[in-house]
Amino acid sequence: MTILAQRPKSLLDVPMHYCPGCGHGIVHRLMAETFDELNIADRVIGVAPVGCAVFADSYFACDMVQGAHGRGPAIATGIKRSKPGAIVFSYQGDGDLASIGMAEIVHAAVRSEKITVIFINNAIYGMTGGQMAPTTLVGQVATTAPKGRDPELQGWPINMCEMLAQITGSKYLARVAVDSPQNVIKAKQAIKKAFENQVNGVGFSMVEVLSQCPTNWHADPMKALEFVRTKMMPQYPLGVFKDEGAK
Amino acid sequence: MTEKTLRKGNEALAEGAIRAGCRFFAGYPITPQNEVPEYMSANMADAGGAFVQAESEVAAINMVYGAASTGTRSMTSSSSPGVSLKQEGITYLASADLPCLIVNVMRGGPGLGSISGAQGDYFQATRGGGNGDYHVIVLAPNSVEELGNFPKLAFDLAEKYRMPCMILADGILGQMMESMSFNFDPVDPNQLGKFDWAVDINKNGRKKNNVFSYKGDNLIADVVERAKRYGYIEKTEPRFETRQTEDCDVLLVAYGLSSRACMEAVVKGREEGLKVGLFRPITLWPFPSEALRSAAKNAKAVVCVEQSLGQLVQDVKLALNGAKPVYLNAYPAGGQPDGGTILPAVKSALNGGTEGLFDLQRHAEGFSYECKRDASLGVQGDWKGGK
Amino acid sequence: MYQGIRIAGFGGQGVVSAGILLAQAGVEGKKNASWLPSYGPEMRGGTANCSVVISDGEVYTPIVAVPDTVIVMNEPSLPKFEPLIKKGGLLIINSSLINSRPTRTDIKSVCVPCNEIAEKIGMDRIATLVAIGAFCRLTGAVSVESVVHAMKKVYKRAKPEMLELNKKALDAGFEAVK
């Protein structure tokens with residue numbers, strides 16, 4: 001018998017708490033596959049955020065640190081500078097990375113910290129129950145934007161990849177989605193590249209993943225995928241925004 | 001003992017930390033502690049460690065959180081407003097049971113305050129400062145020599161009890177130069193053993209380590225369990241210094257720079273025939289309550305000398321629990337005591353006078369205050385203009 | 001011996017580094033010593049001052065509120081620091097730049113034309129060292145020899161010629177208050 005697919009060793013065999021149809025689990029798996037394939041599982045150290053992925057430390061087989069909201073890039077900096085041989089990632093949501101942790105992500109890029117950031121953008125605060133995120137779309141309803149996001153009052157969504165691309169220290173920036181098998185494959189390629197960069201000492205690498213949140217979007221899983229394609233992608237186009245990795 | 005050399009307080013502290021095996025420093029500029037990051041930026045790389053100038057105090061303490069997670073001797077330093085910003089990280093460090101060194105070279109407050117040396121952060125340091133039930137060990141040096149030697153003690157205590165340790169100094173100690181010597185051999189951190197809890201490269205397939213402060217259902221048990229450590233520390237780790245307490249009529253209580261002025265007051269007072277003694281807490285948490293009680297045994301009165309408006313005095317009153325009258329000789333917001341300003345307070349404490357003694361209720365006697373809105377200035381809605 | 005000293009003058013006269021020199025000289029003479037600058041915005045110009053304590057025993061607070069000795073190098077420093085001096089204390093006045101005279105009679109005042117002496121040696125900006133030389137003789141708190149030893153540690157990058165000039169300034173100050 002030939003095994004064609006199995007759970008990656010870097011992902012623990014424990015039940016996840018994520019909601020049905022959520023994108024986090026897919027991204028976890030893509031990362032775990034990457035650790036196995038790049039043969040770096042024994043030197044990966046991850047930083048889990050505050051938000052839905054707060055329990056990520058229970059799912060990855062590697063050593064994990066869970067820290068304060070938005071501070072992942074600072075914590076990852078402390079780990080990487082203390083253990084330069086480690087492969088360090090910070091896993092963050094949109095409120096974490098693009099709101100409360102804006103300074104930390106920008107300056108990790110400015111210093112070109114040799115870390116990998118996985119940024120889950122689902123345009124909503126998930127764990128706290130559907131409040132408006134910095135990436136919430138114009139017109140999108142949230143519990144703190146009951147009439148939909150109004151730029152007059154709440155400004156416009158923020159495009160992190162495009163913004164960080166302006167910083168010399170950022171070396172790899174890609175936006176992917178996990179709404180379809182094809183896009184999941186592309187997401188895997190981007191995630192793998194972002195970790196290869198770190199193995200090669202390239203510098204700050206980030207993959208932004210457009211991810212679905214059926215629960216807080218009040219949509220069934222299929223409608224949620226549709227929302228990613230029809231609503232999110234026009235605001236957040238997929239693609240590689242910067243690639244200055246080693247040849 | 002090695003020969004004494006003249007060193008600036010902040011530089012002695014930084015050099016002492018490197019000698020103590022500190023190999024990660026993150027900080028953000030703020031007066032009057034800038035010599036610490038400056039010294040680290042010049043010397044940490046040569047020592048084989050990392051220096052990061054962080055984008056904020058918040059980022060700096062979280063970098064320390066990351067570095068401490070790996071078992072690296074890590075520190076940050078700042079001054080009062082910056083340490084306010086660090087409180088988020090400090091409560092996380094305490095909750096994640098991470099050892100590290102936090103230095104506060106205090107300045108006048110509240111708010112931006114002044115850059116003059118002060119002691120206004122006693123509550124912040126000893127009461128937690130961040131959210132939740134936790135403590136950090138607080139060491140209060142009163143000389144450049146102690147400033148240089150306490151980092152070693154701080155790291156040893158922090159690691160022994162898996163908790164943050166703070167050195168609470170002040171602007172004057174940081175800025176002054178003084179003859180000092182190091183009383184310990186440099187620590188080679190590469191020779192220190194690993195911790196079984198630290199995150200690290202894991203070549204040997206040991207069990208996975210998680211560092212986290214989120215305890216979910218286990219929080220109550222976790223906090224109660226950690227409190228046993230706090231109780232043990234309160235029993236075993238209080239440090240203090242006493243001077244001429246055996247026969248004193250008035251016991252001065254002061255820490256840090258204030259205690260230096262008290263040393264002079266003890267000498268001058270005795271020259272004048274006043275039996276003055278001094279009790280100096282070196283650990284502010286754990287507070288040396290029992291030692292204070294025995295030092296005050298024969299005193300008629302206790303006078304707290306602090307560069308704040310009645311913070312240390314609360315711990316002194318708690319320790320003495322009404323057994324002795326406790327008075328306050330206060331120098332808030334950057335004020336500085338000297339031997340000459342303390343003795344009037346000593347005399348007042350003995351003869352029932354008020355000179356030199358601060359009492360909040362007496363201070364407010366005959367005073368009333370009420371801020372009122374004034375419609376004759378216009379009304380709040382005016383700004384809406386044409387809308 | 002317990003000497004609390006304040007040295008004051010214009011920024012640029014080297015009063016702050018002269019204080020470090022005195023403290024280091026104390027250490028060279030196997031004494032305990034402290035130095036404290038008046039730090040902050042005022043160090044960016046105008047009048048600067050520092051506190052030094054030299055003691056056979058322990059140093060109490062480094063803040064010298066009631067100095068045993070004050071050295072004033074410019075006119076504005078005289079009215080500011082003269083009132084602080086301990087009864088029976090010492091005031092050294094740079095009479096080259098200070099025309100006013102002290103009003104107190106309960107202290108010992110000594111005028112030294114520091115800039116004129118320094119100019120004769122060949123460098124106006126070592127005037128403060130002339131005052132330090134005078135201080136050595138008048139107080140005996142530190143010896144000129146200790147100050148010379150201290151210079152090598154405090155002025156690490158000074159050329160030998162410069163150190164030689166500094167030494168001359170110290171000696172001239174010492175001689176000026178015979």
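**Entry 1: a term, then the sheet edge in chain B**

I count two strands as paired if DSSP finds at least two bridges between them. The model I am reading is predicted. I began with β6 (residues 137-139) of chain B. I found that β6(B) pairs with β13(B) over two bridges, in the antiparallel sense. Which residue of β13(B) is the bridge partner of V138(B)? I looked it up, and the partner is W285(B).

**Entry 2: the whole sheet of chain B**

I then traced the sheet to which these strands belong. Seven strands of chain B make an open sheet, in the order β3-β2-β4-β5-β7-β6-β13. I noted the pairing as mixed. Why is one side of β3(B) and of β13(B) left without a neighbour in the sheet? Both stand at the edges and each has a single partner strand, so one side of each stays free of a neighbour in the sheet. For β13(B), I put the residue range at 283-285. I also took the turn between neighbouring strands of this sheet. With direction ignored, the average is 20°.

As a reminder to myself: strands of a sheet pair through backbone hydrogen bonds, and the sense is either parallel or antiparallel.

Next I looked for a helix against this sheet. Helix α6 (residues 144-161) of chain B lies across three strands: β5 (100-106), β6 and β7 (164-170) of chain B. I read the angle between α6(B) and β7(B) as about 160°.

**Entry 3: two domains in chain B**

I checked the domain assignment of chain B. Domain 1 covers 5-236 and domain 2 covers 242-363. I took their centres over C-alpha atoms and found them 29 Å apart. In the contact between them, domain 1 of chain B gives 27 residues and domain 2 of chain B gives 21.

Which elements supply the domain 1 side with two or more residues? I listed α5 (122-126), β6, β7, α7 and α8 (219-236) of chain B. Of these, α5(B) gives the most, with four residues. I also sorted this domain 1 side by class: 15 nonpolar, ten polar and two charged residues.

**Entry 4: chain B against chain A**

I turned to the neighbours of chain B. Chain B puts 34 residues in contact with 28 residues of chain A. On the chain B side, the elements that give two or more residues are β2 (24-27), β3 (50-53), α3 (57-69), α4 (80-95) and β9 (210-211). The largest share of that side comes from α3(B), with nine residues. By class, I get 17 nonpolar, twelve polar and five charged residues there.

I found strand pairing across this boundary too. β9(B) pairs with β2 (residues 63-66) of chain A over two bridges, in the parallel sense. What stands opposite V65(A) in β9(B)? I found V211(B) there.

**Entry 5: chain B against chain C**

I repeated the look-up for chain C. Here 20 residues of chain B and 19 residues of chain C take part in the contact. The chain B elements with two or more residues on this side are β1 (5-8), α7 (171-175), β8 (177-180), α9 (256-271) and α12 (339-351). I see the largest share, five residues, coming from α9(B). The class split of this side is nine nonpolar, six polar and five charged.

Strands pair here as well. β8(B) and β2 (residues 32-37) of chain C run antiparallel, joined by two bridges. I traced the bridge partner of E178(B) to S34(C) in β2(C).

**Entry 6: inside chain A**

I closed with chain A, starting at β1 (residues 44-48). How many of the five residues of β1(A) are buried? I count five of five. V44(A), G46(A) and A48(A) point one way from the strand, and I45(A) and V47(A) point the other way.

I then followed the partners of β1(A). Four bridges pair it with β3 (residues 87-93) of chain A, in the parallel sense. There, V47(A) has S90(A) as its bridge partner. β1(A) is also joined to β2(A) by four bridges, and these two run parallel. I found G46(A) opposite M64(A) in β2(A).

Last, I looked at helix α5 (residues 102-110) of chain A. Its buried residues are E104(A), I105(A), H107(A), A108(A) and A109(A). After α5(A) comes S112(A), and I noted its positive phi, near 50°.

Note on methods. Residues are numbered from 1 along each chain as its sequence is written. Chains are lettered from A and ligands numbered from 1 in the order in which they are written. This is a predicted model: local features need pLDDT of at least 70, side-chain atom pairs count only at pLDDT 80 or more; totals for chains, interfaces and linings use all residues. Two residues are in contact if their C-beta atoms, placed from the backbone, lie within 7 Å. Ala, Val, Leu, Ile, Met, Phe, Trp, Tyr, Cys and Pro count as nonpolar, Asp, Glu, Lys and Arg as charged, and the others, Gly among them, as polar. Axes are lines fitted to C-alpha atoms, for helices over the stretch in contact, and angles run from 0 to 180 degrees between N-to-C directions. Domain bounds come from an automatic or database domain assignment. A residue is buried if 20 or more other C-beta atoms lie within 10 Å of its own, exposed if 12 or fewer, and partly exposed in between; C-beta atoms are placed from the backbone.
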